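Hi,

Here is the structure I promised to pass on. Have a look at it first, then read my notes below.

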Amino acid sequence: MKALTLVQAVNDALLVEMRLNPNIIVYGEDVGVEGGVFRATTGLQKEFGDKRCFDSPLAESALAGTAVGMSVLGLKPVIEMQFSGFAWPAFNQIISHVARFRNRTRGAMTTDMVIRMPYGGGIRALEHHSESMEAIWAHIPGIKVVIPSNPYDAKGLLIAAMRHADPVIFMEPKRLYRSIKQEVPDDAYTIEIGKAKIVTAGSDLTLLSYGAQMKEAVEATFQLKTRGISVELIDLRTISPIDKKTIIASVKKTGRFLVVHEGPQSYGIGGELVSTVTENCFTDLFAPPARMSSPDITPPLPRGERLYLISTDMIVNKIMELINYRP
Amino acid sequence: MFESYDPRQGKRLQIMDETGNINVSIKDVPLMSDSEILIAYQFILKARVADEWSVSLNRQGRLPTYPPGKGQEANSVGSLMAMHKEDWFVPAFRELGGMLYRGIPLSKVYQIWLGNERGSHFEIEKYHTFPISVPIASQCLHAVGAAYANQYLKNNRITICFVGDGGTSEGDFLEALNFAGAWNVPVIFYIQNNQWAISVPRKIQTRSTTLAEKAFAFGFSGIQVDGNDVLSVFAATKMAHEKAQNNQGPTLIEGYTYRLGAHTTADDPTIYRKQEEVDQWINKDPLLRLEKYLQKKNLIDGLAINRLKDEYKKEIMQEFEIAEQTPPHTVEEIFAWQFKQLPEDLKEQMSNLNIRLKGSVG
Ligand SMILES: Cc1ncc(C[n+]2csc(CCOP(=O)(O)OP(=O)(O)O)c2C)c(N)n1
Ligand SMILES: [Mg+2]
């Protein structure tokens with residue numbers, strides 16, 4: 001065991017898994033000598049050489065497109081998009097090929113790979129460095145989307161992603177990269193993709209979140225406890241496919257539901273989960289299932305970002321509203 | 001060897017001309033033997049018969065959309081003949097001759113054009129062939145990744161990738177050339193410059209005089225060949241193959257050719273090109289010059305040609321019927337290949353779809 005930050009846990013996952021699997025190839029912009037702009041790939045080139053961890057030319061479509069070829073031939077590419085806001089040149093390769101090869105070839109060829117990308121706001125960055133567009137990726141059939149919220153999960157989920165038989169988009173909450181340390185086992189371990197986690201058991205309301213937003217969700221849960229309100233907190237962990245079972249069982253127990261996430265509201269993760277709850281828990285509900293997300297606007301630059309991100313207070317207030325709801 | 005055929009100096013490799021005469025002054029390139037020329041002729045003929053048959057199947061309403069390759073067959077046949085069986089083949093979608101040479105059953109190809117994913121089930125160890133790629137030029141990057149993998153796995157396999165003249169304007173084509181050069185991987189890019197991208201002529205795509213010259217910007221050589229001369233196609237590919245095997249990196253080949261048919265069976269070329277232009281190219285047909293050559297050499301005669309045509313037609317019809325008669329998809333099949341293991345959520349959607357299709361609730 002050692003205490004690691006989230007970005008160190010990502011690095012550790014790559015390190016231990018590359019030792020076990022010689023077919024893992026890590027490449028992207030600045031990932032080699034520098035070890036990535038966030039240092040997620042630090043030390044990999046030194047240990048594994050520049051055939052297994054290297055700086056590629058600067059072109060995101062080419063990162064994903066070459067990874068298609070490598071994975072079909074049996075390698076396991078783990079590519080880094082430097083920021084999720086710069087992954088869009090790769091969109092065509094991902095939606096048209098990465099997500100489709102298994103189906104297109106009826107299983108003759110697979111494009112199992114991991115596409116890592118830091119996402120989310122709150123780090124006072126330039127334009128294009130703060131978005132949470134996971135819903136766009138989650139909308140694509142044929143790929144899985146995973147978002148960890150803490151160092152322990154980051155390592156276990158990333159190793160699971162590298163062992164997964166299908167392509168995984170692994171989004172890393174950069175706001176949390178260095179904000180917390182957690183004890184993480186030294187060896188390789190996995191956390192099942194597709195399974196949400198009940199972080200705190202509770203009886204009055206189900207609060208669901210994931211990634212960077214979990215920080216405020218945990219704080220809200222704690223604050224409400226001191227007010228005598230028992231929140232069941234769920235960390236979604238895998239955005240696609242959704243672990244409906246865990247969510248439905250929880251809401252059937254609590255009768256109230258709130259999902260909180262960064263990123264635009266319309267056609268988002270919140271809307272999807274509210275539908276799931278409405279369809280499956282309609283008669284168990286004491287209050288309308290609710291979502292709280294950012295508005296449908298371009299993410300403001302840092303001077304305006306506090307207006308866009310969701311605070312602990314906002315979550316607490318919304319939960320009180322749902323608890324006090326009378327039809 | 002590529003230096004003597006620098007496209008920037010207006011050179012284009014042609015070994016056999018339109019009359020079936022071989023330019024004997026060309027000695028610095030690998031030449032096909034007569035028995036190889038006969039094999040090439042047979043595959044080009046077979047692709048031609050299949051192509052014409054496919055267009056007529058479309059007219060009968062038995063085949064939805066089909067992209068004819070008539071006139072271009074020497075490009076994929078000649079280049080694949082210069083490759084080894086274990087080398088990787090990354091097609092665009094107008095390489096029927098090359099696919100037949102690879103041994104991919106025509107019934108599979110017809111399944112693809114009939115709209116059935118089962119046709120693209122190309123067993124890796126059997127064919128070393130990627131599925132056809134519909135998003136133009138996106139496959140060029142797959143080829144570079146495959147070439148990286150081959151280099152990493154040290155298996156000495158070369159990758160050949162096809163793209164059209166229109167495809168050379170796509171970012172993915174240019175990124176692929178750049179990555180291939182930067183990584184110095186064993187890959188050959190083959191442009192089938194058939195002069196048209198649907199209705200858009202080659203000159204609208206780029207101000208470059210040739211497409212082959214683009215290679216030099218990425219640090220490797222390019223060559224333009226007469227794509228209707230299977231000997232030139234073979235020679236250039238063979239040289240590129242040798243170069244790749246010696247770890248000397250990628251090559252770009254531009255096959256200068258012509259699409260005699262429509263873009264697809266849904267296209268009407270009379271809107272955008274003149275019959276005189278087509279007529280000029282009919283004289284340059286790759287099949288005709290091979291027939292002239294083989295007849296001159298007494299390697300084939302009119303009777304044998306007709307016999308081959310009949311034989312191919314019979315085989316092609318049989319293969320088409322196999323494809324046509326494949327049982328229809330089930331709900332289970334259209335879900336089964338989304339992931340290795342069907343997630344719970346998809347299982348639920350599958351059973352809901354089954355219920356919906358049966359028109360009953362519960
Ligand atoms: C990315 C993309 N854009 C547009 C199309 C529609 N489209 C299909 S074929 C074609 C022309 C391709 O021309 P070229 O690359 O010269 O190949 P050819 O059809 O002549 O073999 C177009 C525009 C497509 N399939 N993919
Ligand atoms: Mg063309």
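Before the ligand, one term: I call it a polar contact when a pair of N or O atoms lies within 3.5 Å. Also keep in mind that this is a predicted model.

With that cut-off in hand, start at ligand 1. A polar side-chain atom of R94(B) sits 2.7 Å from one of the ligand's oxygen atoms, so the pair falls within the 3.5 Å limit. N194(B) does something similar through its side chain, where an N or O atom is 2.8 Å from an oxygen atom of ligand 1. I136(B) uses its backbone instead: a polar atom there is 3.1 Å from a nitrogen atom of the ligand. Taken alone, ligand 1 would expose 580 Å², and the protein buries 71% of that.

Who else is around it? The shell has 15 residues, and the closest are R94(B), D165(B), G166(B), N194(B) and W196(B). Split by class, that shell comes to 7 nonpolar, 5 polar and 3 charged residues.

Now the interface. The size of an interface is often given as the accessible area lost when the parts come together. Between chain A and chain B that buried area is about 3,600 Å², with carbon and sulfur atoms giving 67% of it. P57(A), L73(A) and R106(A) are the ones to click on: they supply 21% of the area that chain A buries against chain B, more than any other three residues. In terms of contacts, 43 residues of chain A and 42 residues of chain B take part.

What about charged and polar pairs across it? There are 3 salt bridges between chain A and chain B. One of them joins the side chains of K244(A) and D345(B), at 2.9 Å from N to O. The two chains also share 14 residue pairs in polar contact, counting pairs with both residues at pLDDT 80 or more.

As for which elements of chain A do the touching, β2 (24-28), α3 (60-72), α4 (91-98) and α5 (101-104) each bring at least two residues to the side that faces chain B. The largest share, 8 residues, comes from α3(A). That side of chain A is made up of 20 nonpolar, 14 polar and 9 charged residues.

Away from the interface count, the structure holds 31 salt bridges over all chains. One within chain A is D153(A) with R237(A), whose closest N and O atoms are 3.4 Å apart. This pair links distant parts of the chain, 84 residues apart: D153(A) is in helix α7 (residues 151-163), while R237(A) is in the loop between β11 (231-235) and β12 (238-240).

Finally, two backbone oddities in chain A. Most residues other than glycine have a negative phi, and most peptide bonds are trans. H128(A) has a positive phi of about 75° although it is not a glycine, and you will find it in the loop between β5 (114-119) and α6 (134-138). The peptide bond from S240(A) to P241(A) is cis, with omega near 0°; P241(A) is in the loop between β12 and α9 (244-254).

Cheers

Conventions. Residues numbered from 1 in each chain as written. Chains lettered and ligands numbered in written order. Predicted model: local features only at pLDDT ≥ 70, side-chain atom pairs only at ≥ 80, totals over all residues. Heavy atoms only, no water. Contact = heavy atoms within 4.5 Å. Buried area = accessible area lost by both parts, 1.4 Å probe. Salt bridge = Lys/Arg side-chain N within 4 Å of Asp/Glu carboxyl O. Polar contact = N/O pair within 3.5 Å; in protein donor to acceptor, adjacent residues only side chain to side chain. Helix = DSSP H or I, 4+ residues; strand = E, 2+ residues; numbered from the N terminus. Nonpolar A, V, L, I, M, F, W, Y, C, P; charged D, E, K, R; others polar. Near = heavy atom within 4 Å. Areas by Shrake-Rupley, 256 points an atom, 1.4 Å probe, with all protein chains shown as cover.
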